[in-house]
Amino acid sequence: MTQNIPIVENILNANDRLAQTNRAKIDAAGVFSINILASPGAGKTSLIEKTLPLLKGRLRVAAIDGDIATSIDSDRAAAAGAGAAVQINTGGDCHLDAVMLHGALDQLDLTQFDLLIVENVGNLVCPANFKLGTHKTVLVASIPEGDDKPYKYPGTYRGVDVLVVNKIDLLPYVDFRMDYFQQGVQVLNPNVTTFHTSCRTGEGLQAWADWLVENAKK
Amino acid sequence: MHELPVTQSLLKIALDHAEKADAKQITALNIVIGELASMVDDSIQFYWEVIAKDTIAEKATLNFRRVPAELQCMTCFHKYHPTDKELICPQCKGVGAKIIAGEEFALESIDVE
């Protein structure tokens, strides 16, 4: 005889629970943590590279970099002044999940840091579904990607706390309608904190760095 | 391609609940996926056939209930379905909207024997 068992369980519950464990561990060390998402080439690593010198003497920073392969990103973070840089190679997975972050946290003495920057795998779809346990999720969007991205990736734009619009110096050369872009963001995520930056000219980076310091000192 | 870990999670939840109910076989999984949840049912089906093999869920049918996105304008309270290119309210062009439906992603129930 067939029997129906009601469940109504969020399919990613196991990941979400481990994310809570990660959060407890990060909180216990008194560290402020961010998860940076973006498509490949939006400037995640460059943003981290340019931000670290601005945090020098203000925050002790650890970086965890997720990539399918190579340690290029963690090497760049270490060279730019991160106190520790851990590389996670996902071996093909297109996102970090709570299990991977859990493993990487074990390699760090968190009590030595004020800020933990987790750089996710470059991808606008999958990372949004997997919570890691960090305090804030930051999306780096860039002007050359086009103004239609909030419309095409609503899940990602909806789930973030901070939006960094990078490569703002390219606005004069690209058909990017800022009002159309902002409209999409506004509908999906009216409370998002937005920064306009250029890692090439340095525009807007100070405000972003100040935001990090302010939150890490809370 | 996040559907692989998602499908593994789905299988685990179903097996856990079936075990608790002393079921011999899982015959169906009833899954709800919202339009905004970025999940592809064909991919879940594809991975399912690989990973559910040799479990009591091997013969289970995956039933997907798709939920269309629905937004409600916070200016004129009009309810609407967003299009690919526009998210703002088609009636008053307001930008403040609440997402009422479309973000669901859950296993609602399983059928067991």
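Tutor: Quick ground rule: angles under 35 degrees count as roughly parallel, over 145 as roughly antiparallel, 65 to 115 as roughly perpendicular, and the rest as oblique. This is a predicted model, where local features need pLDDT of at least 70, side-chain atom pairs count only at pLDDT 80 or more, and totals for chains, interfaces and linings use all residues. Residues are numbered from 1 along each chain as its sequence is written, with chains lettered from A and ligands numbered from 1 in the order written.

Student: How do helix 1 and helix 4 of chain A lie relative to each other, parallel or perpendicular?

Tutor: Helices are DSSP runs of H or I of at least four residues, strands E runs of at least two, numbered from the N terminus. Axes are lines fitted to C-alpha atoms, for helices over the stretch in contact, and angles run from 0 to 180 degrees between N-to-C directions. Helix 1 (residues 13-28) of chain A and helix 4 (residues 98-105) of chain A pack at about 25°, axes 8 Å apart. The two helices of chain A are therefore roughly parallel.

Student: Which strands sit at the edges of the open sheet?

Tutor: Strands pair if DSSP finds at least two bridges between them. The order is 1(A)-6(B)-1(B)-2(B), with mixed pairing. Each edge strand pairs on one side only: strand 1 (3-10) of chain A and strand 2 (61-67) of chain B.

Student: And which residue is the bridge partner of Asn30(B)?

Tutor: Strand 1 (residues 26-34) of chain B runs parallel to strand 2 of chain B, joined by seven bridges. In strand 2 of chain B, the partner of Asn30(B) is Asn63(B).
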